[in-house]
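Student: Before we look at the model together, could you take me through the reasoning behind the labels attached to it, step by step?

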Amino acid sequence: MNLEELIKERIKRYGPITIADYMQMALSHPEHGYYMKRDPLGAAGDFITAPEISQVFGEIIGAWLTHNWQLIGSPKEVALVELGAGRGTLMADILRSTKNINGFHEAITVHLVETSPVLQQKQWKMLAGKHKRIEWHDSIDDLPQLPMLLVANECFDALAIRQFVKKKDGWHERMVDVEADKLVFIINAKKAMLPISMIPAQSILEDLEGILGEEKIGVSVAAPKESIIETCEPAIMIIRQVSEHISRHSGAALVIDYGYTEGSHKDTLQAMKNHAYHDVLKDVGDADLTAHVDFLALSQVAQTEGVNVHQVMPQGAFLMQMGAGIRTTNLCETANPEQQKALIKGLKRLADPEEMGELFKVLAITSKNII
């Protein structure tokens, strides 16, 4: 029985499932899940990430991490962590570009948090001989209680979301059901009771407006009917845990992903297959499922945990401010014409607002003792 049939059986037996449950099964089912059975990256896969586009990306991340290591006092023991490390390309570039930073490699132990056995194997091959101390974890719960330098590139977009649709009487959850033996989206007839940790500030105001009236709260914030809000409880939990760790033990973290910094009110759930958009409810387990990251929500959660939360920046602005243009120019000076063309093309793809430069955002979290 394939994954689609397994999901249909579950729905027929127990009723419609949340989009979060659907995503979790489609991506992480032990036998049939998308990330459990394949390498999704590169030309032969379904998408390509920034480290695969240009070595400069990893070098810039490495520079940021080592700078923050120095700012927290260059501790002799530090956990260098990557969440969802893909093929290991980003970590390989970080390790290569930081090997001459005095004391850094002696201090770090590399920790890769990865649930995909296929990608763990790819990472092991990519990083063999790159560093003496590399460990793999299924969860951030297993990370050591040490100062931490963390990067998560295109990791949060794969975390399971829930969707809620605004109807006349309030918010109702969007679910996955079976009709005529096909998976379909439905709107739960029962009004949704959102967990407090997942309620966007705007939704709280809307509820108050419905109870007290617009004149009592002084502003009308009602979203139009059929608006959609998305919530991602796993992302909230991870960012809270990372921020707590940095607050307690010191360190810094970078979250890089495509997303938004203001309320979206639209459906961002999407599927990718063979580098093209795909029907979200088809080829379950054989297409990647992602949603845009709510960077405003992540920032607000981190701010409650005693850390510095820096203003979210577009990826292009971050890379250029960190010297990606200069680094690319320097590399071009010793490159052949074909390599020069690839380097320039890579930088354009990463930093141009019309490509990845604006859609992708960068959230930086640092210890309170880092200005």
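Tutor: Let us begin with two helices of this predicted model: Q55, V56, E59 and I60 of helix 5 meet A324, R327, T328 and L331 of helix 14. By class, this contact of helix 5 with helix 14 has 4 nonpolar, 2 polar and 2 charged residues.

Student: What makes helix 5 oblique to helix 14?

Tutor: Helix 5 (residues 55-71) and helix 14 (residues 324-333) pack at an angle of about 130 degrees, with their axes 10 Å apart. Roughly perpendicular covers 65 to 115 degrees and roughly antiparallel begins over 145, so an angle of about 130 degrees belongs to neither class and is called oblique. As for handedness, helix 5 passes helix 14 in a right-handed crossing.

Student: Why is N153 called buried?

Tutor: The relative accessible area of N153 is 5%, and buried means under 20%, so N153 meets the criterion. This residue is found in strand 5, which spans residues 148-153.

Student: Which residues does N153 touch, not counting those up to four places away in sequence?

Tutor: They are T49, A50, P51, F57, L83, G84, L90 and I256. The contact with L83 also appears from the other side, for L83, leaving aside its neighbours within four places in sequence, is in contact with V113, I140, L150, V151, A152, N153, C155, F156 and I238.

Student: Which residues touch the most other members of the largest nonpolar core?

Tutor: That core has 61 residues, and those touching the most other members are I7, Y22, L83, F156, L183 and L363. Its largest share, 7 residues, comes from helix 2 (residues 19-28). Apart from it lies another core, of 44 residues, among them W69, F104, I108 and A324.

Student: How do you know that helix 2 is mostly covered?

Tutor: Of its 10 residues, 7 are buried, namely I19, A20, Y22, M23, M25, A26 and L27. Each of these falls under 20% relative accessible area, because that is the cut-off for the word buried.

Student: What share of the whole protein chain is buried, and how many helices and strands does the chain have?

Tutor: Buried residues make up 55% of the 371 residues in the protein chain, and its secondary structure comes to 15 helices and 17 strands. Considering contacts with a separation of 6 or more, residues 24 or more positions apart account for 75% of them.

Technical notes: Residues numbered from 1 in each chain as written. Predicted model: local features only at pLDDT ≥ 70, side-chain atom pairs only at ≥ 80, totals over all residues. Heavy atoms only, no water. Core = buried A, V, L, I, M, F, W, Y, C linked by side-chain atoms within 4.5 Å. Buried < 20%, exposed > 50% of the residue type's maximum accessible area, 1.4 Å probe, protein only. Helix = DSSP H or I, 4+ residues; strand = E, 2+ residues; numbered from the N terminus. Contact = heavy atoms within 4.5 Å. Axes fitted to C-alpha atoms, helices over the stretch in contact; angles between N-to-C directions. Left-handed = near helix turned anticlockwise from the far one by under 90°. Nonpolar A, V, L, I, M, F, W, Y, C, P; charged D, E, K, R; others polar.
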